[in-house]
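Here's a quick briefing on a couple of helices and some cysteines. Have a look at the structure first, then go through the notes below.

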Amino acid sequence: MSKHVDKLLLSNKVLLLQGPMGDFFYRLSKWLNSKNIECYKINFNGGDRFFYKSETNVYDYKGRLDDYSVWIEAFLIEHDIDSIVCFGDCRKYHNFSKIIAKKNNINFFAFEEGYIRPNYITFEQDGVNFFSNFLTHLDNTKAVEKHRDSISEIRDVKNSYSKVVKSVITYYLFGVLFRFQYPHYEHHRGIRPIKELGCGILSGFRGVKNKLFEKNKFDHFLQQHSKKYFIFALQVHNDSQIKTHSDLKCVEKYIALVLENFSYHADPSVHLVLKHHPMDRGYRNYSKLINQYAKQFQIEGQVHYFCDIHLPTLLKHSLGLVTVNSTTGIQALFHHIPVKVLGNALYDLPKLTNQYALSKFWKNPGKVDSNYFSYFRRELISYSQLNGSFYGISPWTEAYIKN
């Protein structure tokens with residue numbers, strides 16, 4: 001259970017910025033209210049406003065991004081806010097808020113998708129992903145042999161994919177309909193709401209298509225190439241993990257780098273699977289690019305491209321995983337699959353991931369230190385993970401019912 005919840009509950013006045021698309025932040029505000037914590041909410045677009053049903057302490061920011069820092073600092077001081085909560089610490093408005101919060105000694109907390117999946121979400125103070133303070137925490141813990149008690153029972157959070165889809169479509173629909181009320185809003189993905197809506201529809205179409213055709217293709221692939229392939233996990237093209245926590249800042253550049261390196265250094269009998277991120281399904285399709293590089297580097301028969309296949313199965317039958325910094329790396333380590341990290345990731349540690357050049361990984365991926373990973377996973381859950389879902393139930397809140 002994330003240790004940061006205890007710190008949040010010491011707050012008197014909490015300001016909620018943007019949350020996940022949907023009603024999670026509204027439900028969070030009700031829970032905080034039940035703990036005698038007063039909540040304030042700032043909406044930046046029509047989608048934010050639609051899902052936050054309360055009329056109390058709700059404010060709209062309609063100004064320009066360049067003016068936001070001055071505005072939010074005045075707001076925090078005027079309302080005597082002592083904690084800020086957001087989803088994703090690298091969004092433009094959230095990043096400015098974090099800077100102002102630090103300047104004024106205000107606590108800053110961020111939710112994020114779970115580092116450990118399924119059945120977890122992330123909640124940390126000061127920052128998430130590579131901005132997390134987890135590695136400092138890990139350095140201060142006792143030796144592996146003296147690790148703390150086992151993790152408490154984890155419940156299925158009943159995550160609803162249909163609720164995800166409905167929330168996304170509704171969010172962008174209201175963003176488009178009420179664009180006139182928030183004329184200067186700048187989306188963190190740099191995409192206009194109407195295009196986001198179109199990409200969401202395209203994603204649904206491609207998802208249905210993949211469900212009909214990919215499984216048989218993948219089953220046939222496994223029959224021929226089990227334990228004869230590596231995986232390159234592709235990530236959402238404009239996610240902060242790529243834009244902020246990596247050197248190349250571009251998925252296309254990483255595809256070129258990995259395929260070229262694979263062509264020069266991997267055994268000709270070994271294959272490479274590029275796994276597309278389902279959340280990027282409606283925004284990008286790298287088929288042509290991958291085929292182009294495969295032909296250029298003369299590895300056409302060794303390269304394969306999938307999207308909506310079963311990830312644990314893909315991992316278990318592989319020789320190793322290459323990733324920029326995806327949490328898929330943690331899932332691979334859980335299944336004892338060697339991992340090579342190309343970007344900045346909090347799990348890129350000597351006892352966990354391959355520390356040599358990518359060129360050596362293809363022929364000598366190494367082994368995962370299972371004991372150290374168990375320790376790492378346990379500490380990560382204790383430090384930053386909550387048993388819950390943004391689109392399901394939140395068992396983690398029950399631990400505080402009597403508080």
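A polar contact here is a pair of N or O atoms within 3.5 Å, where one must be able to donate a hydrogen and the other to accept it. Keep in mind that this is a predicted model.

**Helix α15**
- Right at the start of α15, a side-chain oxygen of D369 comes to within 3.3 Å of the backbone nitrogen of N371.
- The helix covers residues 370–384, and its 15 residues reach 21 Å from first C-alpha to last, close to the 21 Å expected at 1.5 Å a residue.
- It's mostly covered, with 11 of its 15 residues buried; among them are Y372, F373, R378, E379 and Y383.
- The cover over those buried residues includes helices α1 (4–8), α6 (134–139) and α13 (328–334), plus strands β6 (121–125) and β12 (385–386).

**Helix α7**
- The 17 residues of α7 (161–177) should span 24 Å at 1.5 Å a residue, and the end C-alpha atoms are indeed 24 Å apart.
- Buried in α7 are V164, S167, V168, Y171, Y172, F174 and G175.
- Looking down the axis of α7, its buried residues fall within an arc of 160 degrees, so they line one face of the helix.
- An α-helix has 3.6 residues a turn, so residues three or four places apart point the same way.

**Cysteines**
- With a cut-off of 2.5 Å between cysteine sulfur atoms, the disulfide count is zero.
- C39 is in no disulfide, and the nearest cysteine sulfur, in C86, is 14 Å away. C39 counts as buried because its relative accessibility is 6%.
- The sulfur of C86 has its closest cysteine sulfur in C90, at 9.4 Å, which is too far for a bond. C86 is buried too, with a relative accessible area of 0%.

Notes. Residues are numbered from 1 along each chain as its sequence is written. This is a predicted model: local features need pLDDT of at least 70, side-chain atom pairs count only at pLDDT 80 or more; totals for chains, interfaces and linings use all residues. Side-chain values use heavy atoms; hydrogens and water are left out. Helices (H or I, at least four residues) and strands (E, at least two) are DSSP runs, numbered from the N terminus. The expected span of a helix is 1.5 Å times one less than its number of residues. Buried means under 20% relative accessible area, exposed over 50%, partly exposed in between (1.4 Å probe, protein chains only). The arc is that of the directions from the helix axis to the C-beta atoms. Contact means heavy atoms within 4.5 Å.
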